[in-house]
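Please look through the sequence and the 3D structure below before reading on. The paragraphs that follow go from one part of the fold to another.

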Amino acid sequence: IVILGAWFGLARLERMVRSDTEDSLKIVVSTTREALRGWLATETERIERQAGTPHLARIAKELASLSRERDALGSSSWTRRFRERFDAEFELIAPDGRNVATDRDALLGQVSALARERPRRFREVLEGSTVFIPPIDSPAPGEEPTMYLATPVRDADSAVVAILAQRLDPTEDFTQLCQTGRVGRSGETYAFDGAGRMLSRSRFEDGLVELGLLESGEDSILSVRIADPGGDLAKGHKPALPRGQQPLTRMAQAAVEQRAGVDVEGYRDYRGVRVLGGWDWDARLGLGIASEIDAEEALATFRASRVIVLGILAITVLLSVLLTGFTIWSGERASRALEQARDDWEQVAAERTAELRGSEEQFRSMVGNIPGVVYRCLPHHPWTMLSISDEIEVLSGHPASDFLGENARRSFGDIMHPDDIE
């Protein structure tokens with residue numbers, strides 16, 4: 001009963017720990033999603049306000065009328081005016097997808113990374129929508145990945161004459177918002193794209209270099225694939241497949257299929273570490289959000305409690321066994337003592353019986369040798385005989401057996417003379 005009670009108690013405690021972890025993971029995923037949406041709403045409002053000025057529409061029209069040659073665009077006063085008005089992270093893209101104004105001369109006249117990498121989203125902007133582009137490779141070789149927020153530039157007739165695009169650094173606000181919320185010390189919250197590539201910077205970049213998932217100095221954004229290596233890399237596991245051929249983790253596969261969920265039974269993350277996790281796919285942002293915590297930490301409270309309970313249970317069982325053994329030993333000892341006492345009593349009884357028999361034989365011998373009758377009777381009429389010697393037969397002519405017992409054939413008074421009876 002004690003063991004069953006402990007087992008049910010531990011099972012209930014484990015369910016409670018996993019349930020609490022599930023709730024925490026859901027909250028982190030939800031709050032991270034809302035934080036990213038709030039940040040994006042603020043940035044969207046700002047860029048739409050900037051794109052709505054008549055002065056920008058005029059700059060766009062003038063630049064769109066120029067040759068797409070780099071020198072022609074770079075020497076234009078309209079390009080200079082654009083650079084004076086906008087920060088370095090802005091680009092002005094003509095409807096044909098080429099950069100007509102930017103802070104980098106090398107990119108002038110070139111096809112924009114936005115149009116090249118995300119042509120469908122580029123067309124959405126031309127159709128009048130403001131779109132967010134999660135991290136993609138930088139348009140400048142050798143630079144870190146970049147994100148885009150793009151909105152249409154309209155003329156007085158509301159016709160789209162260009163696109164104002166802002167490059168956003170994914171290692172700044174975007175990553176910070178992702179990393180702010182997490183569960184536990186080992187927890188990590190991150191974003192990823194439809195191919196399972198990490199879009200926010202990993203908390204474990206130094207460790208990922210040691211595991212061989214990153215080169216020294218390489219950024220985890222777009223470089224780490226959320227794939228299951230098949231075992232814990234930190235424990236020396238050697239994957240059977242190259243990184244690009246490994247299947248996505250259980251979480252990432254469900255997310256890219258746009259199936260939100262929580263797994264508190266545990267699965268391997270991109271490091272091969274067993275984790276508990278929650279995830280969601282945000283169609284508005286065009287990315288997945290995951291929050292995970294190492295299973296070892298998540299279940300640490302339960303496992304510590306289990307050790308304590310099992311320790312107490314083991315001590316209880318040990319004490320029960322010792323008590324049972326002591327009881328059995330005491331019982332056997334008492335039984336042996338009783339047997340010894342019985343044997344001693346039987347020996348004493350046998351000795352006393354032998355003594356009584358000797359005394360009786362001695363008494364009978366003495367009685368048999370005394371002349372006359374020796375008897376013992378009750379002290380009242382009819383003097384029932386308790387014992388009587390055989391000499392009574394010589395004296396009365398009747399055997400001793402006639403006088404003995406409650407149903408004796410005759411009493412002692414029967415052989416007495418009436419004158420002798422008072």
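Y190, F192, Y270 and W281 come together in one aromatic cluster. The model is a predicted one, and across the structure there are nine aromatic pairs.

One member of that cluster, W281, leads to the strands. The bridge partner of W281 in strand 9 is G288. Strand 8, which covers residues 274–282, runs antiparallel to strand 9, and eight bridges join the two. Together strand 8 and strand 9 make a hairpin, with four residues between them. In the turn of this hairpin, G286 has a positive phi of about 75°.

Strand 9 has a second partner to look at, strand 6 (residues 188–192). These two strands also pair in the antiparallel sense, over five bridges. Within this pairing, A191 stands opposite I289.

How many residues of strand 9 (residues 287–294) are buried? The count is eight of eight, so the strand is mostly covered, buried here meaning a relative accessible area under 20%. Both of its faces are covered. On one side lie L287, I289, S291 and I293, and on the other lie G288, A290, E292 and D294; all of these are buried.

Helix 2 makes a useful contrast in how burial can be arranged. In this helix, residues 54–64, the buried residues are L56, A57, I59, A60 and L63. They cover an arc of only 160° around the axis, which puts them on the same side of helix 2. The general rule behind such a pattern is that an α-helix has 3.6 residues a turn, so residues three or four places apart point the same way. On the other side of helix 2, P54 and R58 are exposed.

Next comes an open sheet. Five strands form this sheet in the order 2-1-5-4-3, with antiparallel pairing. Which strands stand at the edges? They are strand 2 (99–102) and strand 3 (131–136); each has a single partner strand, so one side of each is left without a neighbour in the sheet. From one strand to the next, the twist averages 25°.

At the strand 2 edge, the partner is strand 1 (residues 90–93), which runs antiparallel to strand 2 and is joined to it by three bridges. Here I93 stands opposite N99 of strand 2. Two helices can be followed against the strands. Helix 6 (residues 119–126) lies across strand 1, strand 3, strand 4 (146–154) and strand 5 (160–168), and runs at about 155° to strand 3. Helix 7 (residues 170–180) packs on the sheet and touches strand 3, strand 4 and strand 5. The direction of helix 7 makes about 105° with that of strand 4.

Aromatic rings also appear beside charged side chains. The charged end of R271 sits over the ring of F204, 4.4 Å from the ring centre. Likewise, R81 lies over the face of W78, at 4.1 Å from the centre of that ring.

The last stop is a single residue in a loop. Q246 lies between helix 8 (205–211) and helix 9 (250–256). Is Q246 buried or exposed? Q246 is buried, with a relative accessible area of 4%. Leaving aside neighbours within four places in sequence, the residues in contact with Q246 are R225, A227, D228, P229, P239 and L241.

Methods:
Residues are numbered from 1 along each chain as its sequence is written. This is a predicted model: local features need pLDDT of at least 70, side-chain atom pairs count only at pLDDT 80 or more; totals for chains, interfaces and linings use all residues. Side-chain values use heavy atoms; hydrogens and water are left out. Buried means under 20% relative accessible area, exposed over 50%, partly exposed in between (1.4 Å probe, protein chains only). The arc is that of the directions from the helix axis to the C-beta atoms. Two strands pair if DSSP finds at least two bridges between them. Rings of Phe, Tyr and Trp (its six-membered ring) pair if their centres lie within 6.5 Å; planes under 30 degrees apart count as stacked, over 60 as edge-to-face and the rest as tilted. A charge sits over a ring if NZ of Lys or CZ of Arg is within 6 Å of the ring centre and within 35 degrees of the ring normal. Axes are lines fitted to C-alpha atoms, for helices over the stretch in contact, and angles run from 0 to 180 degrees between N-to-C directions. Contact means heavy atoms within 4.5 Å.
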